[in-house]
Amino acid sequence: MPTDIEIARKAKPKHIEDIAKKLGLSDKDIETYGSNKAKISFNLINQSINRKGNGKLILVTAITPTPAGEGKTTTTVGLGDGLNKLGKKAMICIREPSLGPCFGMKGGAAGGGMAQVIPMEDINLHFTGDFHAIGIAHNLLCAMVDNHIYWGNKLNIDTRRIVIRRALDMNERSLREIVSSLGGMSNGYPRSDGFDITVASEVMAIFCLSSSLEELTERLGKIVVAYTRDKEPVTASQLEANKAMAVLLKDALMPNLVQTLENNPAFVHGGPFANIAHGCNSIISTKLALKLSDYVITEAGFGADLGAEKFFDIKCRHLEVKPSVAVVVATIRALKMHGGIKIDQLHEENKQAVIDGSENLIRHLENIDKFGVPTVVCINKFTNDTEEEINALKEAIKNSGIKSKVILSNHWGDGGNGIKELAVEVVDICDNDVNSFEYLYQLTDKIEHKIKKIASEIYRAKNVIFSKKVITQINELEKNGYNDLPICMAKTQYSFSTDPTQKNAPSDHDIEIRELRLSAGAGFIVAISGDIMTMPGLPRKPAAESIYLDDNGNIEGLF
C-alpha cells in the first residue's frame with residue numbers, strides 16, 4: 001500500500017468551485033485560495049444561518065487512544081464518502097492540524113489511506129493561515145498587557161497574577177517557563193512568563209465557539225488576562241485589545257472548504273486542544289454544514305471520555321442541535337493493547353486479549369448512553385485482524401447488554417465503498433430518530449458538583465479530591481459570577497484515571513483536581529487533574545529530521 005502522501009498526490013481533485021456547486025454555492029459565495037482551497041464568504045454564512053431546518057449531526061468518537069492507533073479522522077472522512085456513495089448529501093467537518101505535532105511525532109490530521117481530505121500537504125502545513133492569525137491575535141493581547149503595565153498600569157494589574165501566556169504553533173519545551181522583559185527599564189518590568197502551543201490558546205477556543213464576528217469580538221473581550229492586587233479580574237476589553245484582535249481574525253473565521261479523495265465537500269476549520277479546551281472543529285463551520293447538507297459528520301478529540309463528553313456538554317450547548325448518533329471507533333489492535341498485549345505482539349491472534357480489552361469499548365458505550373445518544377461501533381480493519389477476534393468482540397459486546405451494532409469497515413483501503421454497511425446503519429438510526437439527548441449536568445449546578453458528576457459518571461472515580469487552592473478558586477469564581485459555566489476536564493487522554501499507565505477500564509480510583517483555570521471568553525472552566533502539558537516538547541528523534549524537499553521540490557517524509 002502506498003503512503004498517505006503518495007495516495008494524496010495521485011488523487012484527481014476537482015476545482016474547488018465545482019465542490020462548492022455540490023453544496024449549491026456559486027463562485028460569489030467563496031473566496032478561492034488557488035484551485036483546491038476556498039473560504040466561505042460571510043454573506044453566504046449570514047444568509048444560510050437563518051434558514052429553517054438542519055441536517056443530521058453525526059459524531060465520530062473513539063476508545064481510549066493507544067500507540068496501536070484507532071483511526072478516528074480516517075473514519076470521519078470515510079463515513080462522509082460512504083454516505084455520498086449511498087446518494088446522500090453529506091459533508092464532513094474536522095479540525096485543522098497543528099504544525100507542532102506534524103514536526104514532532106503525531107503526524108497529521110487529514111485522515112489516511114483512501115479516506116483523506118486533500119490537499120493534505122497544505123492542510124497539514126500552513127493551509128490558509130488560520131493558525132498564524134490566531135497566534136498573532138493572542139500575542140497582540142499579551143503585548144498590550146505588558147505595554148499597559150509599562151505605561152503606568154492604570155488598571156492596577158498585579159504583575160504576580162498575570163495569567164495569560166504567549167502562544168507559538170510549534171513544540172518548544174524551552175519556552176514553557178521563561179523570564180521576560182530583561183535588559184533594563186526600557187524593556188519593561190521583569191516577570192515570569194511562558195508559552196503555550198497555539199492550539200491550547202483561549203483565543204483558539206473562542207475562535208471555535210464563535211458564530212459571527214460580533215460574537216468573536218465580544219468573547220475576546222471577556223478573556224481574563226490578569227488580576228489586580230484586590231483579586232479582581234482584568235479583561236481584554238478593559239485593555240481595549242479585543243477589537244484589534246478580531247480584525248486579525250476576520251478572514252480566518254471564514255470556514256475552509258476542501259474535498260475528500262472522492263471529491264466530496266469538507267470543512268476543515270479550527271483546532272483547539274482536546275485537553276485544555278473542548279477539542280472540536282469550529283461552531284461556525286458546523287452550523288453552516290448543517291444548513292448545506294442532510295448529514296454532517298464531525299469528530300471530537302481523543303477518546304469518548306475527554307472528547308464526546310465535551311462535545312455534548314460544551315459544543316452542543318452552543319450549537320443548539322442534538323446529535324443523532326455517535327460512531328465509536330476501535331481497532332482490534334488497540335483493544336488487544338487494552339487487554340494487556342505489548343505493541344510488538346499485536347500481529348499474533350489473541351481472542352482473550354480482545355475480550356479483556358473490550359471492557360474499554362463497553363465503558364465508552366455506556367457513558368455515551370448516559371447522554372441518550374444511540375451508538376454504533378466501527379471496527380477500523382487492519383490486515384492482521386482475524387475472523388475469530390472480530391467474532392469474539394461482537395460476542396463480548398452482546399454479553400454486556402449493549403445494543404450497539406459492531407460493524408467492520410475497510411475505508412482505509414477501499415474508501416467510501418469500504419464503509420457502506422456502517423453508512424447504511426447510520427442513516428437508519430438517523431431516520432428512526434430514537435434520540436433522547438440530555439446533558440450530563442445543568443449549568444446552574446455548583447462548580448464542585450459539575451466536576452464530581454463528570455469524574456464519577458464518566459471516569460468512574462470513587463473520590464474527587466479538591467485541594468485548598470481549588471476550594472479558594474471555586475469561591476472566587478462564584479464570587480465573580482462564573483458559576484454557570486460548563487466544565488472542561490483536563491487530564492491524561494490515555495486512561496480513565498489520572499495515571500496514563502492504567503489501561504482498559506479502571507474504576508474506583510481517586511481524581512485530584514489540582515487547579516482551575518477560567519476561560520471566560522470561551523465560556524468554560526478548565527479543571528486540571530494530573531500533569532497537563534500545554535507546550536509539548538519534541539521527541540528524541542523528531543519527525544522534522546526526516547522531512548525534506550526532493551530535487552523536484554516535492555515534500556518527502558511528511559507522512
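Okay, quick word on terms before I start: when I say helix, I mean a DSSP run of H or I with at least four residues, numbered from the N terminus. And keep in mind that this is a predicted model.

So, cavities. How many are there of 30 Å³ or more? The count comes to two.

Let's take the second largest one, since helices matter there. It holds about 50 Å³ of space. Helices H12 and H14, the latter spanning 351–369, each put at least two residues into its lining. Which helix gives the most? That's H14, with three residues. The full lining is Ala 304, Asp 305, Ala 308, Glu 309, His 364, Asn 367, Ile 368, Phe 371 and Ile 458. Sort those by class and you get five nonpolar, two polar and two charged.

Now the largest cavity, at about 70 Å³. Around it you'll find Glu 96, Pro 97, Leu 99, Ile 123, Leu 125, His 126, Phe 127, Asp 130, Phe 131, His 132 and Asp 169. Here the top contributor is helix H7, residues 130–150, again with three residues. As for chemistry, six of the lining residues are nonpolar, two are polar and three are charged.

Back to H12 for a second, because it turns up in another place. Have a look at helix H9, residues 213–221: its buried residues are Leu 216, Thr 217, Arg 219, Leu 220 and Gly 221. Yes, there's an arginine in that list. What do they pack against? Helix H8 (202–209), strand S13 (233–235), helix H10 (242–249) and our friend H12, at 307–319. If you're eyeballing the spacing, remember that an α-helix has 3.6 residues a turn, so residues three or four places apart point the same way.

Last stop, a sheet further along the chain. It's open, with three strands in the order S21-S24-S23, and the pairing is mixed. S21 (487–490) and S23 (515–519) sit at the edges with a single partner strand each, so one side of each has no neighbour in the sheet. From one strand to the next, the twist averages 25 degrees. S21 and S24 (residues 524–528) run parallel, joined by four bridges. If you want one to click on, Ala 490 has Ile 528 in S24 as its bridge partner.

And what lies across S23 and S24? Helix H19, residues 468–479, which runs at about 25 degrees to S23.

That's my tour: two cavities, a helix with its packing partners and a three-stranded open sheet. Over to you.

Terms used:
Residues numbered from 1 in each chain as written. Predicted model: local features only at pLDDT ≥ 70, side-chain atom pairs only at ≥ 80, totals over all residues. Heavy atoms only, no water. Buried < 20%, exposed > 50% of the residue type's maximum accessible area, 1.4 Å probe, protein only. Contact = heavy atoms within 4.5 Å. 1 Å grid on protein atoms, 1.4 Å probe; cavity = no way out; pocket = protein on both sides within 12 Å on 5 of 7 lines; lining within 4 Å. Points joined across faces, edges and corners; volume = space filled by probe spheres on them. Nonpolar A, V, L, I, M, F, W, Y, C, P; charged D, E, K, R; others polar. Pairing = 2+ DSSP bridges. Axes fitted to C-alpha atoms, helices over the stretch in contact; angles between N-to-C directions.
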